[in-house]
Amino acid sequence: MPKHICFLDDSAEYDGFSPTSRPLDGPQKSVAYLAASLAQRGHQVTVITRAEHVLVCDGVSYPGWHGDRPEQCDLLVVVGDPTLFDLVKNAGTRVLWVAGASSALDTPVWQGTWQRLTPHLVFRTDAQRDLATLHGLPAHVIGDAPAPSYVEEIVDAPSAPPYAVTVCHPLGGLEAILDLWTTKVHPAAMDAELHVYSSLLDRAALSGLVPADIAAIHDKVQAAAGFGVRVKRPQPDPQMAEIYRRARAFLHPSNAFEALALQLVEAQAAGLPAVTFASSPVARVFVVDGTTGFVAEDAAAYAAATLRLLAGEEPFGAMATAARHLRRGRSWAIAAAEWEERFA
């Protein structure tokens, strides 16, 4: 039976057209793609973000933050901030879609919300759930999926000279990747480049205003320019898909507290093999060692794997094909069916 499903997200101004027109964070893109897939399954779907304009996209209503909000719905999905639950008073089922670090669930001001509303919690990976305190609430793991741009049947010729891509947060393991690149990778492949996609570093480079918490890594990235390290501005999905298809390696960091992996999944869906560390709890799930990329036990193995992919010889071709096939097995239509099975 069709349900009225409402999403609430106050993190940014965006709508269903945004993922193909400008870069978005993973949780924001997920809202847009999941909402469209649920609408395709016959549900009435409303998404309320900080957007100012009222519009309909892919059958989903975007009334804007100051527009008319539904007084009731069958399923209310709040993204990240449980204080938003009170914006729709009458909801049959309430779900908090955990957007980032699970530690946020322990915020003292939210304790009353857990006791008063007892919402369901939806996590994106097992690692994200395992790091969380559940507070006695029902918990589910429903994975994200790559955006349509990454699963298009397009195979671009790898770039010459070759480049690797990393999209990790400046404080989320980038320093280790830079050290490996400058000391082990670039000296053996001096024509290769490392493209660092980071909105924070890009803004700092353009404006000259460097936030204090990233000053050290910003300076390190700038100093690595002579080693082929280039800061790039993140792009919308269609452009990022093309970037991935022309790259040779997706360099994933080691972060024991990482809980999300959407960019890694998207890169593999576009046919880009990954290199990661065995210490990454997420990458161990999403990278099949020797098949869709390499899972390295130490820095030397990480550098050696990167060099093999940059060379463009086997196993690059086989890994690119395997990564495409494996990650394309999950779509937002499948994710929507899982949400529907749990809550609608």
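These legends walk through a few close-up views of one predicted model.

Residues are numbered from 1 along each chain as its sequence is written, and side-chain values use heavy atoms, with hydrogens and water left out. Because the model is predicted, local features need pLDDT of at least 70 and side-chain atom pairs count only at pLDDT 80 or more, while totals for chains, interfaces and linings use all residues.

**View 1. Here's helix 8, residues 262-269, tucked inside the structure.** Of its 8 residues, 7 are buried (under 20% relative accessible area with a 1.4 Å probe, protein chains only), so the helix is largely enclosed by the rest of the structure. Those buried residues are Leu262, Leu264, Val265, Glu266, Ala267, Gln268 and Ala269. Their cover includes helix 1, helix 7 (237-246), strand 12 (249-251), strand 13 (274-277), helix 9 (283-286) and helix 11 (316-327). Helices (H or I, at least four residues) and strands (E, at least two) are DSSP runs, numbered from the N terminus. After helix 8 comes Gly271, with a positive phi near 95 degrees.

**View 2. Next up is strand 13, with its partners strand 12 and strand 14.** Two strands pair if DSSP finds at least two bridges between them. Strand 12 runs parallel to strand 13, joined by 2 bridges, and strand 14 (residues 293-296) pairs with strand 13 in the parallel sense over 4 bridges. Look for Val275: Leu251 stands opposite this residue, and so does Phe294 in strand 14. Ala274 and Thr276 point one way from strand 13, Val275 and Phe277 point the other way, and all are buried.

**View 3. Now zoom in on the largest nonpolar core, made of 58 residues.** A nonpolar core is a set of buried Ala, Val, Leu, Ile, Met, Phe, Trp, Tyr and Cys residues joined through side-chain atoms within 4.5 Å. Phe7, Trp97, Val165, Tyr244, Phe250 and Trp339 touch the most other members. Helix 1 gives the most to this core, with 7 residues. Apart from it lies another core, of 31 residues, among them Ile177, Val196, Val275 and Tyr302.

**View 4. Finally, a look around Phe250.** Leaving out residues up to four places away in sequence, Phe250 touches (heavy atoms within 4.5 Å) a set of residues including Val165, Tyr244, Leu264, Ala267 and Val275.

Technical notes:
Buried < 20%, exposed > 50% of the residue type's maximum accessible area, 1.4 Å probe, protein only.
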